[in-house]
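Visitor: I am new to this structure and would like a close look at a single part of it, with enough of the surroundings to keep my bearings.

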Amino acid sequence: MAAKTIPGQTAEIAGPKKAFVIPKPEVAAAMIKRAKRALLVVGSDAINSKTRDGDLVDSAIRLGRMGNMTVVATGHLVGEFRRRGDEDARTMPLMNLGDRLRDPGWGGFDGGGPYDLALFVGLPYYMEWLVLSGLKSFAPELRTVSLERAYQPNASWTLGNTAQEEWEEIIDRIASILEGK
Amino acid sequence: MSKRDLRLKIDELSSSLGTFKGLEIEVGRIFEEDWEEPVGPTPFPSVGTLRSWDLKLLGKYRPFYMPFCDLCCLCTFGKCDLTGDKRGACGITMAGQQSRIVLIACCIGASTHAAHARHMLDHLIEEYGRDVPLDVALNTNVEAPNIRLVCGIRPKTLRDLEDALDYVETQLVQLVAATHTGQEGDNLDFESKAFHAGMLDHVAMEVADIAQIAALGMPKGVPDAPVTQLGFGSIDTSKTVIMCIGHNVLPSVDIIDYLMDHDLFGEVEVGGLCCTAHDNSRYDRRAKIIGPISWQLRFIRSGIPDVIVVDEQCLRTDVLLEAEGIGVPVVATSEKSCLGLVDRTGDDPDVIVGDLVEGRVPGVLIVDPRKVGEVVVKTALKVGPRRAGFKAMTREMVAEMAKKCRSCMECVRACPNNLPVMDAVHAAAQGDFEPLAELYHRCVGCGRCESACPVDFPIITFINKGAEEAIMDEKFPIRVGRGAIQDVEIREVGRAIVFGEIPGVVALVGCANYPAGGSDVARIAEEFLRRRFIVVTTGCSAMDIAMTRDEDGLNLYEKYSGNFDAGGLVNIGSCVSNAHITGAAIKIANIFAKRPLRANYEEIADYIHNRVGAVGVAWGAMSQKAASIAAGCWRLGIPVVVGPHGSKYRRMLLGRKEREEDWKVYDARTGDEVYVGPAPEHLFYAAETAEEAMVMIAKLSMRPNDTSKGRAVKLSHYIDLHQRHYGCMPDDLHLYVRREADVPFTMRDEIMEALGRAGWAEERIAMPDPTMLDRLVRGRG
């Protein structure tokens, strides 16, 4: 796996606290398995992102089910989940979600308490960068993971800058591990 | 009108009380006595005067900070790492630092408009005298609602605007001082100050625009303002072309006057980019609007302009370099943007023309607008014919260069929208220019791709070549900016807006940093025009709205009237015209509801926040000016939605709809504190997609004061848009339906079922006479 830690977009450099690069898919899968309450945040670019399942919406549905994670679609993406027969995905604007994730008093979508792990994928690079920055400073108890193809310096953990084919393999591998394969 | 700084000195005064020696009396300000309205509680508010109002708003809409930088680098103790709960050497926190940057941005924005206004006012007074009456709009008595509201004065002539501007400048100094190391430290106090900067900005913008309307004869609030042409294709390239870029119309006015005085419009074309273009066309509709700010590089690279004139704001600071690339001179006209050029203001015009035409200098600085016209026109007439043989890059040349691409992807990484630039370059190398043409409509024109390219490809030029057929077909009609909304229009629609029967006023304003091209703005506009909202627009957004045609070849300006009424599309004008949008909201409170206006900021803001379903939308917000314009809306309680790039303002103001305690107001009739639901839910919000924005705009148009009929209309739009774009019903209807009468009739069964699932109970949400101000309670329970 690539481990380049230059930001995915020019000049979006990291501060003193930078994300660790996830060395292999097994590590990401282990984080999901270990989490008490994990949330998968899927952004509006997901429908434009090809994966081995079809696109990122398909992969998110698979990851959510296998990882026992709540999936939340941002933007207006939730309609895609419904169209594909997924009635479980939640919807919340990214700004609202970031605001709630930094609040230790937020009970989550099901009222079961705060999430301890939030994974992000399919978002505009700079928006994710900013929300992760907010969470880095204002949600110290929350571990954040970026599953994007590009290094996200403000996450706790992130994939490195990765070629498309390799990234598709990583996403597939994480889901497969969660499936117990 | 007010009198300033009266000073009375009496050496000796004998009276029945005794004899006084060396008596000196100073009065800071005397308010006009022939204005029957009493002075309200907050004339010329200082930095802290409206703090308690701001904190009320900030209690509902708490800041969510997304640091753009983890460091503070503003003093020599630093850099300081502020990540998490760390503090800087001065003790500042990350929240404090982020809000400090927000304040600095708003001060920059407000100062820019104030400086613009000062230049405008000083010049117009010099040119026309102080006694020019402020005849700003037809059928209008409230000529300056922001100034009346904030300052408590009623300006009648240009002279009176000096009072307002003096006040703005004084306050801005106080605000900037608050950002110094070791001054303000609390994030909410920084936020309050940012609101103050925003309020000042709307006063400054109002000064600038009503001064130019009054003195330069721009349209006076007429719905059927003249139509001009917009787009590359609108420029007659058989003529000599003068290109004016920026925001301050004064140099361009002199150019237009010179052309008229010398009957040269048949030989010379004047085109503008950004807000100068709007104001040129308001001055004379023969001036063409080339396009929004993002077209600077595109248009220069086209080789069409023969002279480039820059005034101020949002200019490309490398314009001189770009102009050299096509062999044309630049005339800079503002001390704020000298571009390193020699000041030739005092020189003989013909000598300057000679130097420019012969290429002895790449450009000149001329800071007296009255000299610009002669120099620019004479230069253009001589340079134009010499450039007739100018050859822009050909497609063959592009294809040949493109073969040298190193496939490093730096262009894609540098693109703010991650556009597939490299793939398009590769296709061009194979002779396929379609991918470059597709980029044209989504590119924001920033040129970061070029800066990143290790082999220095002029990628903007490549894109121009890819889209060259489409570019030359770009010719769209646009109503020129009409300026203010007339009092009589406010009287006609005020009731329908306040009771919610006109579902809302959507203000599409601001810059062109779009995530996926300007067509999104037109799409948003049309969605709400069809739904009978009032759509007002300014700046680059007003231009981009013009650039989408339907299947019959019509654009929105051709399909919708310019009336400030349901389904009206109102081009207000340039950046500084934004003051008329807040002005319209203020006038609704004053003219329709008869709330006292004079220096009565809190009450008017409270009225607007609880009753006027206005939503600002800056889909491509880019600048600090956009930040301060938004801040002026926030203080009035008007929510603002920005596009995804607007998240880079690094702070949202978000409500938490599930916190019932946040959404209580007083019922002015009884004094009871009652729950009214989360309306409007947010004060500043960045949407990820245009579809999300449309749903949020509809939702943010709801207000506690809506009648049941009005709420039903607003809910129907919110639900319909949500169903269309999200594929499902909203999950928060139970927070907005107060009683069954609020439920839109056509969706009744579905909504009642959803409400049942959410445990909704009738009348849990009150319908009071809403106010957040205890002092406005008329009776106690």
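Visitor: Which residues point one way from β8(B) and which the other way, and are they buried or exposed?

Guide: Before turning to the strand, please keep in mind that this is a predicted model. The predictor gives the complex an ipTM of 0.97 and a pTM of 0.96, and for chain B the mean pLDDT is 95, with 97% of its residues reaching 70 or more.

From β8(B), the residues V268(B), V270(B) and G272(B) point one way, while E269(B), G271(B) and L273(B) point the other way, and all of them are buried. Because 6 of the 6 residues of this strand, which covers residues 268-273 of chain B, are buried, β8(B) is largely enclosed by the rest of the structure. One of its neighbours is strand β7 of chain B, residues 240-245, which runs parallel to β8(B) and is joined to it by 6 bridges. Within this pairing, I245(B) stands opposite L273(B). Strands of a sheet pair through backbone hydrogen bonds, either parallel or antiparallel.

If you follow the chain onward, you come to C274(B), which sits in the loop between β8 and α7 (275-283) of chain B. This residue counts as buried because it has 30 C-beta neighbours inside 10 Å, where 20 or more are needed for that class. Its backbone also deserves a look, since phi of C274(B) is near 70°, a positive value in a residue other than glycine. Most residues other than glycine have a negative phi, and most peptide bonds are trans. Another positive phi, near 50°, is found at N418(B), which lies in the loop between α13 (410-414) and α14 (421-429) of chain B. With 17 other C-beta atoms within 10 Å, N418(B) is partly exposed.

Chain B has cis peptide bonds to show you as well. One runs from G78(B) to K79(B), with omega near 10°, and K79(B) belongs to the loop between β4 (71-72) and β5 (80-81) of chain B. Another joins A679(B) and P680(B), with omega about -10°, and P680(B) is placed in the loop between β21 and β22 (682-686) of chain B.

The strand β21(B) that precedes this last loop takes part in an open sheet of 3 strands, ordered β21-β20-β23 in chain B and paired in the antiparallel sense. Its edge strands, each pairing on one side only, are β21 (673-675) and β23 (770-771) of chain B. Between β20 (residues 664-667) of chain B and β21(B) the antiparallel pairing extends over 3 bridges, and V665(B) has V674(B) in β21(B) as its bridge partner.

To place these parts in the whole chain, it helps to know that the domain assignment divides chain B into domain 1 (1-31), domain 2 (32-216), domain 3 (227-388), domain 4 (397-472) and domain 5 (476-775). The C-alpha centres of domain 2 and domain 5 of chain B lie 23 Å apart, and 59 residues of domain 2 of chain B are in contact with 50 residues of domain 5 of chain B. On the domain 2 side of this contact, the residues divide by class into 35 nonpolar, 15 polar and 9 charged.

A helix offers a contrast in form to the strands: α4 of chain B, residues 158-178, has 21 residues and reaches 31 Å from its first C-alpha to its last, close to the 30 Å expected at 1.5 Å a residue. Its buried residues include L158(B), L161(B), L165(B), V168(B), L172(B) and L175(B). An α-helix has 3.6 residues a turn, so residues three or four places apart point the same way.

Finally, chain B meets chain A in a contact that takes 34 residues from each of chain A and chain B. On the chain A side, the largest share, 10 residues, comes from α5(A), and the residues of that side divide into 13 nonpolar, 16 polar and 5 charged. C728(B), which lies in the loop between α27 (708-726) and α28 (748-757) of chain B, touches V78(A), R82(A) and Q723(B), not counting residues up to four places away in sequence. With 15 C-beta neighbours inside 10 Å, C728(B) counts as partly exposed, whereas C274(B), just after the strand you asked about, counts as buried.

Key:
Residues numbered from 1 in each chain as written. Chains lettered and ligands numbered in written order. Predicted model: local features only at pLDDT ≥ 70, side-chain atom pairs only at ≥ 80, totals over all residues. Helix = DSSP H or I, 4+ residues; strand = E, 2+ residues; numbered from the N terminus. Buried ≥ 20, exposed ≤ 12 C-beta atoms within 10 Å, placed from the backbone. Contact = placed C-beta atoms within 7 Å. Nonpolar A, V, L, I, M, F, W, Y, C, P; charged D, E, K, R; others polar. Pairing = 2+ DSSP bridges. Expected span 1.5 Å × (residues − 1). Domains from an automatic or database assignment. pLDDT = per-residue confidence, 0-100.
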